[in-house]
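Trainee: I have a model open and want to learn how to read its features. Where do we start?

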Amino acid sequence: MTNQSAENTWGSKYRKKNDRAPPEIYEEVNTSVLEALPGTPPRGQSFPRLPVEEDFPKYIENRVVSLNTPKEEIQYVIVVLHGYAANQHTLYEFAKKHLLGPRTACIFVRGTTQVGETGTYCWSDKGDYIGKDRTLQLIRRAGTGFSSIQSSEFAGPSRSNTANTTTESLNNISNRAADVSDDDIGRPTYENCTERIGVEVVTNVLIKTCGFRARDIAIVGHDQGGTAALAVAAACWQTKFGGVVSIGGPLPNDFPDGIESRTHVLLLGGKLGDLNPTECARVQRAFSGTIEALKRYDPPTDGDDYNDINNAELKEFVAHQLRREEWTKEAVLTFDGGGIRGYGSLLMLKALMDKIAYFEKELDKDVEASGKRKLSESSFSPCEYPPREVNGTTVQRAPHKLEDDELYLPCHYFTFIGGTSTGGLISIMISRFRMTVCDCIKEYKELGEKVFGHPRPPGFANILTHKFDADDLKKAICDVAKRHGNTTEDEDSAAHYPCHEDLCQTIVAARADKGGVTLPFLFRTYDCREDEPAGSKNPPLNAGRAAPCSIFEVGRATSAATNYFRPINIKNWGVKGFEKKEISFVDGGFGTNNPSHEILRDIKRKRRAPSEVIEVFASFGTGVSGDHLEGKLTSLFRMVEEMKKEITNVLPAHRAMEDDSGIHDEDGHKRFRYFRFDGGKALGGVAMDEWSGRRRSQMRVRSRPTGEETLIAMDMAVKKFLKEDGVKKDLDELALILVRRRRLRTRDTLAWERYACASRYECSQAECHAWLYTPEELRAHLRSERPDLLETDFSTAVEGSKKCWTYRGAKHED
């Protein structure tokens, strides 16, 4: 190793700061991993791929396992290291239950040093002892630790014949521990295992040969294997792995303080091995600035099952450090159709946002005393709350001067928001326009006033004419777009429906007329794959690019309810299966009044993944309709009403959602959390087109009603529904899931800033003005355009070119 390369390793760095230095082998491991990144795969080979036996050196005994995931779809790898006097099969059952998950494989590696002749191994170079006093204490009581788990999930296939000999070996070591000299204790003892795991397994096999990113590799170890896992992560201090978990294993004694390894670490204690405060502090110093979770449990008392607690912590860590499920799994919100009853859906959503505000603040109570910045300042936090545009003037207001209604946006808690009919209009407002719930409620009242308060003279049984003027609806939608539309990308988002894939996506369901037959149709803000396998039972609806329509056209298409609004024709943009130059759209609610299952299927197709790609799904209804009409269908009116109820029935979609979520599975395994808030029978008793109440002026006979009675009736109906015990419990649970999910996402600062604030960067070079979406993209762009710029110039250019979304609303005018 050259002097220049040594200067880039942590060993040389900490020789300047510490009296003793770690062994040279750790410098070589760190350099080896750095040189392997990002990896140079052989030409023509697809990556990543699951390693096979031939990929490993013959002297490395291992076992590769994945569950319910095709080998070609594996994206994450967990290297599992057993404890003292065990082998590569020991933790197999434990990993199956607590580590393996979607697109994840485990590699069980055998220790470097054999323990006696029992077929068991350890990770220390000396075999019988592994470090200073703390480690000797660990060995002395290791027999007790293993005896509590041998017969359960830690007992692997090859462990049955070695249980007794393992305990004997541990007892022998415990007896011999007192004979270890101080010189032996102080010597480094993890060189071989660090080289084997860090270089031969992680670098040569997983990164170089199989093409995995270091970010997608985690290391989990129990007991002495936990110490080995920490040794590898500390040695590779400049590389950020997907996480390291040590269950009862301390940091090796030959590592100095302040290593500042970039990898996130989880320490677990309790029945699986208690870590004392001194060892916890050492790990905190070694991984300062990047430690994500540190758990140390006091000795368990009667009735406490720390094994279960540890397992829960372990699952959470793997899910959100390695697989980053807060970003790779979706949170979905949908709204049913229902005319003016959509106002009730918004009231239920407001109740959810109130719960979210409460839990955001509750979780920050401890932060106030520490002086750290609170994440509950707004749903933008830790980003700055963006300025608001009020009556054409941009105003920057501090979060503490705003009401809760303005602080928390639904689009920050959900990644997909969709709906049909009036539910489609709501989806556009809270997702595409990124509005607050209270601003949505205000606009919805205005829409009711302008549209439902102006009925046209009815025809025969309301069939021959359309009850409401479509031009009034168009004007109402355009007015909302004018007030709340904003430029979040390089084109006017107030006019265009599609949006960038980094932001909350919108799905609006409609019905398209094709040769006299109406078919379900989805307006997406994202592209949909067209390469569906031949003969698929559920081909995607109108697959292809995002609908290049105006927002007004999408709103009119989904709300073109039969008998209420006339159909709308939209220019065909090359939709597969439609040959005419224009596509005619009718009522989106007929057949898909509850669009939740259609939206679920579309997201699964987009992600090319099963239902587990969803983390949480919330569906808001517009009330429960009464029973079907009794008696014989003796009139045309009765028949039409009965047909309407059948076509707009929301229960089939709800039952399909329950089946897909796994809520009824016998094994109790839920693929995702599904919540349905239907609004209750009282809300369902309000007519979809009702708008009744006192007139504005008794002197003006022709003045239309304000709808006050209708709004009060819906408000009372929703309040009654929200008081039900099951509803309150579900709202609390859903709010906690969403708050926790948002906070996990804020750990990736740049990704969260992009998602929450729609941040972007404009190249300021003459005649360029290209839009980039991350600082890295802008830097790469500037390097190609201006290679003469210095690094300081890049930083200045990045900071000066940043643009963020501005909330447009006039709720609180200054």
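Trainee: How many bridges join strand 18 to strand 19?

Mentor: Keep in mind that this model is predicted. Strand 18 (residues 614-620) and strand 19 are joined by 5 bridges, and the two run parallel. Within the pair, Ser 619 stands opposite Arg 676 of strand 19.

Trainee: How should I think about side chains in a strand?

Mentor: Here is the general idea. Side chains in a regular strand alternate between the two faces of the sheet.

Trainee: Why is strand 19 described as largely enclosed by the rest of the structure?

Mentor: Count its buried residues. Strand 19 spans residues 673-677, and 4 of the 5 are buried, so the rest of the structure largely encloses it. Buried here means under 20% relative accessible area.

Trainee: Now the backbone. What is the sign of phi at Asp 223?

Mentor: Positive: Asp 223 has phi near 60°, and it is not a glycine. Asp 223 sits in the loop between strand 6 (217-222) and helix 10 (224-235). Its relative accessibility is 7%, so Asp 223 counts as buried.

Trainee: Is Arg 434 buried or exposed?

Mentor: Buried, because its relative accessible area is 3%. Arg 434 also has a positive phi, near 55°, and is likewise a residue other than glycine. Look for Arg 434 in the loop from helix 17 (422-432) to helix 18 (437-452).

Trainee: Last one. Which form, cis or trans, does the peptide bond from Ser 381 to Pro 382 take?

Mentor: Read omega. For this bond omega is near 10°, and the bond is cis. Pro 382 belongs to the loop between helix 15 (365-370) and strand 11 (388-390).

Notes
Residues numbered from 1 in each chain as written. Predicted model: local features only at pLDDT ≥ 70, side-chain atom pairs only at ≥ 80, totals over all residues. Heavy atoms only, no water. Helix = DSSP H or I, 4+ residues; strand = E, 2+ residues; numbered from the N terminus. Buried < 20%, exposed > 50% of the residue type's maximum accessible area, 1.4 Å probe, protein only. Pairing = 2+ DSSP bridges.
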